[in-house]
Amino acid sequence: MTAHLKKVVSIAIIAMGLVSGYGFAAAASAPAKPGSVRYAGDLGPPQGAPIRAVLTSPPHVPPPTHRKVPAKVIVELEVIEKDMPISEGVSYTFWTFGGTVPGSFIRVRQGDTVEFHLKNHPSSKMPHNIDLHGVTGPGGGAASSFTAPGHESQFTFKALNEGLYVYHCATAPVGMHVANGMYGLILVEPPQGLSPVDHEYYVMQGDFYTTGKYREKGLQPFDMEKAIDEKPTYVLFNGAEGALTGDKALRAKTNEKIRLFIGNGGPNLVSSFHVIGAIFDKVRFEGGSNVQTNVQTTLIPAGGAAVVEYQTRVPGSYVMVDHSIFRAFNKGALAIMKVDGPENKAIYSGKEVDSVYLGDRDAPNLASVTTASANAANGTLTVLDQINAGKSLFNGTCSVCHQANGAGLAGVFPPLAKSDYLHADPKRAIGVVVHGMSGKVTVNGKDYDSVMPPMNQLNDDEIANILTYVLNAWDNKGGQIKASDVKAERAKKVSKPTAEH
């Protein structure tokens with residue numbers, strides 16, 4: 001054998017040894033002993049007594065595993081079909097994992113053997129299953145977990161790959177099950193765990209398709225045609241408009257490290273996740289192992305996830321949005337993290353203007369809107385109910401232009417306070433709000449020239465409540481606008497103004 005040939009053979013033998021050592025050529029190596037590591041992610045057999053997984057409802061996250069060895073982890077998750085609020089005065093029949101949308105957060109460690117129990121509550125109308133994107137096996141477990149109402153299924157898998165993974169129902173029609181809220185996240189921690197932070201939160205986006213318009217009251221059924229056309233009525237964080245605002249906002253203090261586990265259940269839309277006023281120090285994009293730094297907005301595909309981390313520096317309300325921005329302000333994709341603590345004027349001078357970003361979610365809560373909706377439904381709505389609800393809605397929708405005191409802006413936005421225009425014909429304002437208005441208008445002897453775009457995002461009772469509040473505020477003469485008045489005006493066919501400013 002020549003010296004050159006000997007060198008080639010030696011290199012080949014070394015290469016075979018390296019490949020075999022990384023598990024890619026197991027067939028060429030000696031049979032592995034039972035319980036030994038044979039492939040990437042197999043960190044050995046479970047050690048110790050089985051562990052029952054701690055499952056948490058959003059936005060909460062189970063504690064870190066703090067384990068140095070793999071374990072057998074038992075996960076028990078129940079499917080529950082239930083009516084829940086999707087917006088103020090609007091309900092929807094959600095199909096859930098664990099009674100919430102998104103479903104319960106699952107946290108395991110790479111190398112764990114997971115014994116999964118899926119239960120379907122006896123009251124369910126439909127069979128369900130589960131596809132976990134962190135499972136290596138047919139359907140991500142779906143093939144083994146088809147479960148009829150009142151039954152339970154069980155299967156086992158080894159968590160081979162660390163990362164943040166979506167799970168969802170995969171029973172036909174799959175899109176309908178996902179659109180009804182059947183998704184959640186499972187975190188497979190790396191063996192060394194994640195770096196310590198002060199707060200971890202669970203947020204998941206989803207798009208919803210109802211037969212009624214955005215914020216149309218009552219129980220709203222699923223609309224398959226809208227879903228197929230990918231025209232959602234709502235785009236939401238954690239299954240409901242306002243799920244993470246007001247007294248349900250996420251909380252933190254200044255100079256704390258925040259980790260958000262962000263998922264996108266879809267079923268259709270890609271999320272452009274952004275926190276207004278924060279820059280992500282680290283993003284594990286697509287839920288994988290690679291890290292990007294100093295990120296402003298991160299894309300999260302339908303059926304995907306990301307882990308974002310940032311440091312809180314100054315106090316205030318930090319608004320989380322899908323930066324496909326109409327989804328935030330006109331479909332509900334908006335959440336808030338409220339950060340408390342001392343100011344740091346070296347970083348930011350101060351002066352919050354929450355209403356610009358928060359819309360009608362600027363109010364601490366919308367209890368007055370809920371009360372008005374409930375009373376309207378049972379026939380006991382009063383003018384005072386409308387005034388209270390209208391004030392909350394006005395502060396978030398109209399006050400930026402017309403000002404919180406109704407004074408308007410000179411030459412641009414006419415005053416609503418002591419307005420002779422309103423006093424002359426209170427119901428004329430309905431047409432302005434519904435159809436919009438363009439060009440010059442004289443109010444209280446002064447000219448104003450601007451564009452009022454149609455407020456199509458507001459429904460009939462919201463417009464009625466806002467105008468009733470305006471008529472009864474700031475020394476105006478009083479009056480009442482009813483939802484039926486708005487409905488009649490909306491039915492009129494009029495030319496619409498352009499939306500330029």
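Asn-238 lies in the loop between strand S12 and strand S13 (250–253). In this predicted model, Asn-238 has a positive phi of about 55° although it is not a glycine. Is Asn-238 buried or exposed? At 8% relative accessibility, Asn-238 counts as buried, because the cut-off for that class is under 20% relative accessible area.

**Backbone exceptions**

Glu-230 also has a positive phi, of about 60°, and is likewise not a glycine. Its place is the loop between helix H3 (224–229) and S12. The relative accessibility of Glu-230 is 45%, so this residue counts as partly exposed. Most residues other than glycine have a negative phi, and most peptide bonds are trans.

Two proline peptide bonds depart from the trans form. One runs from Pro-58 to Pro-59 and is cis; the other, from Val-101 to Pro-102, is cis too. Pro-59 sits in the loop between strand S1 (51–52) and strand S2 (72–87). Pro-102 belongs to the loop between strand S3 (90–97) and strand S4 (106–109). The backbone angles are set out below.

| Site | Feature | Angle |
|---|---|---|
| Pro-58 to Pro-59 | cis peptide bond | omega near 10° |
| Val-101 to Pro-102 | cis peptide bond | omega near -5° |
| Glu-230 | positive phi | about 60° |
| Asn-238 | positive phi | about 55° |

**The six-stranded sheet**

Strand S12, which is followed by the loop that holds Asn-238, is part of an open sheet of 6 strands. The order across this sheet is S12-S10-S14-S19-S16-S17, and the pairing is mixed. Which strands form the edges? They are S12 (234–237) and S17 (292–295), each of which pairs on one side only. Neighbouring strands of the sheet are turned by 25° against each other on average, direction ignored.

At the S17 edge, the partner is strand S16 (residues 280–284), which runs antiparallel to S17 and is joined to it by 3 bridges. Within this pair, Val-283 stands opposite Gln-292 in S17.

**The largest nonpolar core**

The largest nonpolar core has 28 residues. Those with the most contacts inside it are Leu-260, Phe-273, Tyr-310, Met-320 and Met-337. Leaving out residues up to four places away in sequence, Met-320 touches Leu-260, Phe-273, Tyr-310 and Met-337, among others. The contacts of Met-320 also include Phe-237, Leu-250, His-274, Val-275, Ala-333, Leu-334 and Ala-335.

**Gln-386 and its surroundings**

Gln-386 is found in helix H7 (residues 383–397). With a relative accessible area of 2%, Gln-386 is buried. Its side chain makes a polar contact of 3.4 Å with the side chain of Thr-468. Neighbours within four places in sequence aside, the residues in contact with Gln-386 are Leu-381, Ala-464, Asn-465, Thr-468, Gln-480 and Ile-481.

**Helix H12**

Which residues of helix H12 (residues 483–490) are buried? They are Asp-485, Val-486 and Glu-489. These residues cover an arc of only 95° around the axis, which puts them on the same side of H12. An α-helix has 3.6 residues a turn, so residues three or four places apart point the same way. The cover over the buried residues of H12 includes helix H10 (428–435) and helix H11 (460–471).

Terms used. Residues numbered from 1 in each chain as written. Predicted model: local features only at pLDDT ≥ 70, side-chain atom pairs only at ≥ 80, totals over all residues. Heavy atoms only, no water. Buried < 20%, exposed > 50% of the residue type's maximum accessible area, 1.4 Å probe, protein only. Helix = DSSP H or I, 4+ residues; strand = E, 2+ residues; numbered from the N terminus. Arc of directions from axis to C-beta. Contact = heavy atoms within 4.5 Å. Pairing = 2+ DSSP bridges. Axes fitted to C-alpha atoms, helices over the stretch in contact; angles between N-to-C directions. Polar contact = N/O pair within 3.5 Å; in protein donor to acceptor, adjacent residues only side chain to side chain. Core = buried A, V, L, I, M, F, W, Y, C linked by side-chain atoms within 4.5 Å.
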